[in-house]
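Please open the model in your viewer and keep the selection panel at hand. The tour starts at a single residue and then steps back to the chain as a whole.

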Amino acid sequence: MSEAVDRETYSAARVRALESLLIEKGLITGETVDKVLEFFEKDMGPFNGAKIVAKAWVDPEFKQRLLDDTPSAIAEMSFPRGMAGAEGEHMKAVANEPGVHNLIVCTMCSCYPWPVLGLPPYWFKDPTFRARAIREPRKVLQEFGLDIPESTEVRVWDTSAQIRWFVVPERPEGTEGWSEDQLAAVISPEAMQGAAKVVIPT
Ligand code: FE
């Protein structure tokens with residue numbers, strides 16, 4: 001854990017230094033970074049993915065369209081703007097189902113479907129995670145607290161600039177009759193990345 005904290009501190013210091021330099025050189029203003037951050041806090045984030053998954057859970061025909069042609073299905077919904085831009089090109093959904101668990105990784109760098117999942121967490125960019133997710137996905141998932149039985153196939157999807165995958169997790173039992181908003185509230189970014197299951201808070 002301390003290594004992670006150190007890395008976060010180190011990254012934050014680098015970002016501050018870079019931002020100061022860009023402002024000093026007149027390439028950005030003091031507000032630029034805040035505007036970008038606000039965009040990812042309010043418009044482009046995992047709350048979009050959660051809405052999409054919730055709709056897929058209550059509407060099997062939408063789910064099928066989402067799996068067949070992800071951008072077209074997403075375009076049916078009303079999102080603020082830019083769902084197809086900012087790393088949102090060529091998004092593709094894959095669904096967990098009994099006997100199949102999906103995990104996404106970018107082995108090359110950190111490609112991630114920003115409009116539906118937001119910015120990637122630091123561990124998604126970690127070279128160790130990127131290598132091990134391909135080599136020993138079950139073990140990595142176990143370390144995330146997710147025990148996948150041997151009888152379940154684990155499919156690992158390598159996200160890139162050409163295709164950015166995200167996972168439609170399985171709908172948990174006990175959510176029958178829930179509204180899309182209620183469902184969306186329990187769908188985490190980790191679940192849509194394949195690193196967790198959706199659990200109902202007790
Ligand atoms: Fe990448």
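Begin by selecting Cys-106, which counts as buried because its relative accessible area is 0%, and buried means under 20%. Keep in mind while you look that this is a predicted model.

Next, select Cys-111, whose relative accessible area is 10%; this value is also under 20%, so Cys-111 is buried. With cysteines on the screen, you may ask how many disulfides the structure holds. The structure holds 0 disulfides.

Now clear the selection, show the chain as a cartoon, and follow its secondary structure, which comes to 11 helices and 4 strands. If you then reduce the display to the C-alpha trace and turn it along its principal axes, the trace spans about 55 × 40 × 35 Å. A compact globule with 202 residues would have a radius of gyration near 17 Å, and the chain, with 18 Å, agrees with that.

To look at what lies inside, colour the residues by accessibility: buried residues make up 39% of the 202 residues in the chain. Showing contacts adds to this picture, since among those between residues at least 6 apart in sequence, 68% join residues at least 24 apart.

Finally, switch on the surface, where the chain exposes about 11,400 Å², with carbon and sulfur atoms supplying 55% of that area. For a last selection, pick out the charges of the chain, 22 positive and 31 negative, and note that the mean positions of these two sets are 3 Å apart.

How values were computed:
Residues are numbered from 1 along each chain as its sequence is written. This is a predicted model: local features need pLDDT of at least 70, side-chain atom pairs count only at pLDDT 80 or more; totals for chains, interfaces and linings use all residues. Side-chain values use heavy atoms; hydrogens and water are left out. Helices (H or I, at least four residues) and strands (E, at least two) are DSSP runs, numbered from the N terminus. The radius of gyration is taken over C-alpha atoms; the globule rule is 2.2 Å times the number of residues to the power 0.38. Buried means under 20% relative accessible area, exposed over 50%, partly exposed in between (1.4 Å probe, protein chains only). Contact means heavy atoms within 4.5 Å. Accessible areas come from the Shrake-Rupley method with a 1.4 Å probe; for residues, only the protein chains shown count as cover. Lys and Arg count as positive and Asp and Glu as negative; His and the chain ends are not counted. The place of a charge is taken as NZ of Lys, CZ of Arg, CG of Asp or CD of Glu. A disulfide is a pair of cysteine sulfur atoms within 2.5 Å.
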